[in-house]
Amino acid sequence: MTAPRSDRRSPLLQGGAPRGPAQPDPRVLLDVRELSTWYGAAHILFDLSFEVRAGEVVALMGRNGAGKSTTLKAVMGMVERRRGQVSFLGHDISRAPPHAIASAGLGYVPEDRRIFTDLTVLENLEVGRQPARTSPDGRPLEPWTPDRLFKLFPNLGEMPHRPGGRMSGGEQQMLTVARTLMGNPYLVLLDEPSEGVAPVIVEGMVQMIHELKAAGVSILLSEQNLHFAELVSDRAYVLEKGQIRFQGSMQQLAADDEVRRAYLSV
Ligand SMILES: Nc1ncnc2c1ncn2[C@@H]1O[C@H](COP(=O)(O)OP(=O)(O)O)[C@@H](O)[C@H]1O
Ligand SMILES: [Mg+2]
């Protein structure tokens, strides 16, 4: 006799996918419609609409101040004043609090690294642990464990007992990503992973993103470095002053001198 398999999806996602004519394309993980945000009286994002599909790596590009970080924060429910609709796996998360969004399988790596400096690498990883998940169509997914993560981040595997405060900036960046993966996310929002880290770490980030994609994790990446974005992404949206000015494949972006010159620093 087999025990009934418990539903390990978050309460937000239990009860199966919604049905009916309103049901969007099931391959769309994240669907953002006409998202606007304000900081106080300052209007920052203007009616952004974009999506991330299962298995995709999508780059959200634009210069400093364009609104990339604000977009990721707004998706995570971390910007108080906002308007528009955000759906994750077909469920409206526009009004959900950040912790519920994270437990629904949306991982977030903020631009400032937030590791615990007094805790070791292994202890930091434990902080991020969430139960294993099933895929949106019900198949069990292989959970992330420290051992599995050390294959992805070999340098972390060499220092499992080192306190976070005694790691380099790049190593801390990797640990932040690894800790987010301990939550077994379907989609990870990565805010400027290549910023301010040594070239060797940037190479490691490229490799890591390729391996995550191969493992079935989807990624929405905020990035102003076109070279980095080209190496890892399938598609891009380019932001300027809180508006989407371009959307298309990386090949289309590479071929569009005008867009690159106007909205990116290349
Ligand atoms: N906490 C905040 N309060 C007020 N304004 C902010 C805050 N955070 C960002 N901004 C402003 O919002 C705009 C977008 O910023 P941000 O999303 O950080 O851009 P990016 O990540 O693309 O560099 C900028 O004009 C920035 O000055
Ligand atoms: Mg930013």
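Helices and strands here are DSSP runs, of at least four residues for a helix and at least two for a strand, numbered from the N terminus. With that in hand, welcome to the views of this predicted model.

**View 1. The shell around ligand 1 draws on strand and helix.** Both β2 and α1 (68-75) supply at least two residues each to this shell. The most comes from α1, which gives 3 residues. If you would like to find your way around the ligand, look for Y39, A42, I44, G62, N64, G65, A66, G67, K68, S69 and T70. Sorted by class, these surroundings hold 4 nonpolar, 6 polar and 1 charged residues.

**View 2. Strands β1 and β2 run antiparallel.** Here β1 covers residues 28-39 and β2 covers residues 42-53, with 8 bridges joining the two. To get your bearings, start at L30, which stands opposite V52 in β2. As a reading aid, side chains in a regular strand alternate between the two faces of the sheet.

**View 3. The turn of the hairpin holds G40.** Between β1 and β2 there are 2 residues, and G40 takes a positive phi near 60°.

**View 4. The whole chain sets the scene for the close-ups.** Its secondary structure comes to 10 helices and 10 strands. The C-alpha trace spans about 60 × 50 × 35 Å along its principal axes. The radius of gyration is 18 Å, which agrees with the value near 18 Å for a compact globule of 266 residues. Buried residues make up 41% of the chain. Among contacts with a separation of 6 or more, 69% join residues 24 or more positions apart.

Note on methods:
Residues numbered from 1 in each chain as written. Chains lettered and ligands numbered in written order. Predicted model: local features only at pLDDT ≥ 70, side-chain atom pairs only at ≥ 80, totals over all residues. Pairing = 2+ DSSP bridges. Rg over C-alpha atoms; globule rule 2.2 N^0.38 Å. Buried ≥ 20, exposed ≤ 12 C-beta atoms within 10 Å, placed from the backbone. Contact = placed C-beta atoms within 7 Å. Near = placed C-beta within 6 Å. Nonpolar A, V, L, I, M, F, W, Y, C, P; charged D, E, K, R; others polar.
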